[in-house]
Amino acid sequence: MTTQQILILIAVLIVLVLAVVGILVAVRKRRSQGDSARSGRAEEPGDGRSSLSPKSAASAAKSQAESQPGASRKSSSDDQAIQSASSAPDASPNPDASTGSGAVDSKASIQSSSADLVAPSAHEELAHPEASASSMTRLKARLAKSPNPFGKALFAILTKDHLSESDWEDVEDTLLMADVGAEASEQLVKQLRDDARITGQKDPAAVRRGLRQRLIDLVDPNMDRTLVAARPQANRPSVIIMVGVNGTGKTTTAGKLARLFVADGKSVVMGAADTFRAAAADQLETWGGKVGVPVVRSDRDGADPASVAFEAAERAKNDQADVLIVDTAGRLQNKANLMDQLGKIRRVIEKNLPVDEVLLVLDATTGQNGMIQAQVFAQAIGVTGIVLTKLDGSAKGGIVISVQRELGVPVKLVGLGEGPDDLAVFDPESFVDGILGDE
């Protein structure tokens, strides 16, 4: 046998060996895949060959769902959008025919905003909100402990033996620094001076009683501070629109307000119409999830807020909810833009339901800047009540007086702090007692 023949034989043997090895590898791989498939089928919940108990199968399914939250919510959103489109094909938002830019077709708005109804999980443990009656008690206690309440400063001046002109100027300065406002401050100083001349009282208890009554009169206890939704003859659903600039705590206040209603036994739906702030809808969902309140939202930033508001109104109506709370954007490019957007939201909601309440959320620490905000929003959409946040200190509490006098609408709610139940129905006497402190 020649050398050439030997080399050919070796090459053939090598090829045969490689072919055999390849076949063995393929067979082993196929067996491995078959074993994996059989193992996967055995672990599927509901399969007759499942080796998992029902409880274990449920846990596995829950883990899988939690690992893919986006897919789950997307499926839910598509179903909800289709259901909304089929239930109200003709109820299209048409805010203002005169401008020609406000008309929104219902189906188109659903496609463009992809608004979802996000309901809390049935397995999620719900919180138990604090009853609204006890919140104002905590307000009084917090204000009394405030390091610089203007009521205490006034009391310290008025209990002096002899009040000079300089003392009366200090009284007025204290009121102005507390954002009571120039007109109201002048009025109160005049009344207190008249009281001092007529009664001549120097007894601290008598001075305190007089000051307390004058402050209560300024806060105006005769204003109706009842939330429209809490009245016996309220519409059902009763619609509340929340307005205010970014940073005042508007979205947080909407969530806390939902808790107040839930604590009073009312069913609530929330609409996340602040579509320009990325975290707003997520924030509202978090609040709603804790107390079992569903949230209608868009799955994309920058969607048309009016279409979300429309769908929220439709959902609240179909569910026969007691209250609908609609959060709105607070970004101010200019006054005209604000008026157009808020006006459109209101008109769109009114295609389904009357709007009962517009609550303006103001930061109590912003002082007279808050007054400018209040005037702009009052012109844009009409305000029925004020919510003052960050009133856990009373050094600037005089804004309660000035904002009411300026707008002619009452302060209805006050925010006491960061806690979930730190929102209370405003009570003038408790407020004044808080800023005066303990006797």
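How many of the 9 residues of α16 are buried? The count is 8 of 9, so α16 is largely enclosed by the rest of the structure. Keep in mind that this is a predicted model.

**The chain as a whole**

Let's zoom out for a moment. The protein chain carries 16 helices and 9 strands. Of its 439 residues, 44% are buried. If you take the contacts between residues at least 6 apart in sequence, 78% of them join residues at least 24 apart.

**α16 and its partner α9**

Back to the enclosed helix. The buried residues of α16 are Pro428, Ser430, Phe431, Val432, Asp433, Gly434, Ile435 and Leu436. One helix that packs against α16 (residues 428–436) is α9 (residues 204–219), at an angle of about 135° and with the axes 9 Å apart. That angle makes α9 oblique to α16, and the crossing of the two is right-handed.

Who touches whom here? On the α9 side you have Arg208, Leu211, Arg212, Leu215, Ile216 and Val219, and they meet Pro428, Glu429, Phe431, Val432, Asp433, Ile435 and Leu436 of α16. Sorted by type, the residues of this contact come out as 9 nonpolar, no polar and 4 charged. The α9 list has a helical rhythm to it, with Leu211 and Leu215 both among the contacting residues. An α-helix has 3.6 residues a turn, so residues three or four places apart point the same way.

**A second helix pair: α6 and α7**

For another packed pair, look at helix α6 (residues 150–158) and helix α7 (residues 165–177). Their axes come within 10 Å and cross at roughly 175°, and α6 and α7 are therefore roughly antiparallel to each other. Phe150, Ala153, Leu154, Ile157 and Leu158 are the α6 half of the contact, while α7 brings Asp167, Trp168, Asp170, Val171, Thr174 and Leu175. This contact divides into 8 nonpolar, 1 polar and 2 charged residues.

**The nonpolar cores**

Val171 of α7 turns up again in the largest nonpolar core. That core has 70 residues, and the members touching the most others are Val171, Ile349, Ile386 and Leu388. Setting aside neighbours within four places in sequence, Ile386 is in contact with Leu360, Leu362, Val403, Leu407, Val409, Pro410, Val411, Lys412 and Leu413. Apart from this core lies another one, of 24 residues, with Ala254, Leu260, Val268 and Met270 among them.

**Two buried residues worth a click**

What sits around Asp327, leaving aside neighbours within four places in sequence? The contacts are Met242, Lys250, Thr251, Gly271, Ala272, Ala273, Asp274 and Leu284. Asp327 is in strand β5, and its C-alpha is 6.7 Å from that of Ala254 although the two are 73 residues apart in sequence. Ala254 is the residue already met in the core of 24 residues.

Ile381 belongs to helix α14 (residues 368–381). Beyond its neighbours within four places in sequence, Ile381 contacts Ile241, Val243, Leu342, Arg346 and Val358. Leu338 is 43 residues away from Ile381 in sequence, with 9.2 Å between the C-alpha atoms.

Here is how four residues compare in accessibility:

| Residue | Relative accessible area | Class |
|---|---|---|
| Asp327 | 1% | buried |
| Ile381 | 9% | buried |
| Asp220 | 24% | partly exposed |
| Gln320 | 52% | exposed |

**Backbone oddities**

The last two table entries also have something to say about phi. Asp220 has phi near 70°, a positive value in a residue other than glycine, and Asp220 is placed in the loop between α9 and β2. Gln320, not a glycine either, has a positive phi of about 55°. You'll find Gln320 in the loop between α12 (305–319) and β5 (323–328).

Where does Pro237 lie? Pro237 is in the loop between α9 and β2 (238–243), the loop that also holds Asp220. The peptide bond from Arg236 to Pro237 is cis, with omega near 0°.

How values were computed. Residues numbered from 1 in each chain as written. Predicted model: local features only at pLDDT ≥ 70, side-chain atom pairs only at ≥ 80, totals over all residues. Heavy atoms only, no water. Axes fitted to C-alpha atoms, helices over the stretch in contact; angles between N-to-C directions. Helix = DSSP H or I, 4+ residues; strand = E, 2+ residues; numbered from the N terminus. Parallel < 35°, antiparallel > 145°, perpendicular 65-115°, else oblique. Left-handed = near helix turned anticlockwise from the far one by under 90°. Contact = heavy atoms within 4.5 Å. Nonpolar A, V, L, I, M, F, W, Y, C, P; charged D, E, K, R; others polar. Core = buried A, V, L, I, M, F, W, Y, C linked by side-chain atoms within 4.5 Å. Buried < 20%, exposed > 50% of the residue type's maximum accessible area, 1.4 Å probe, protein only.
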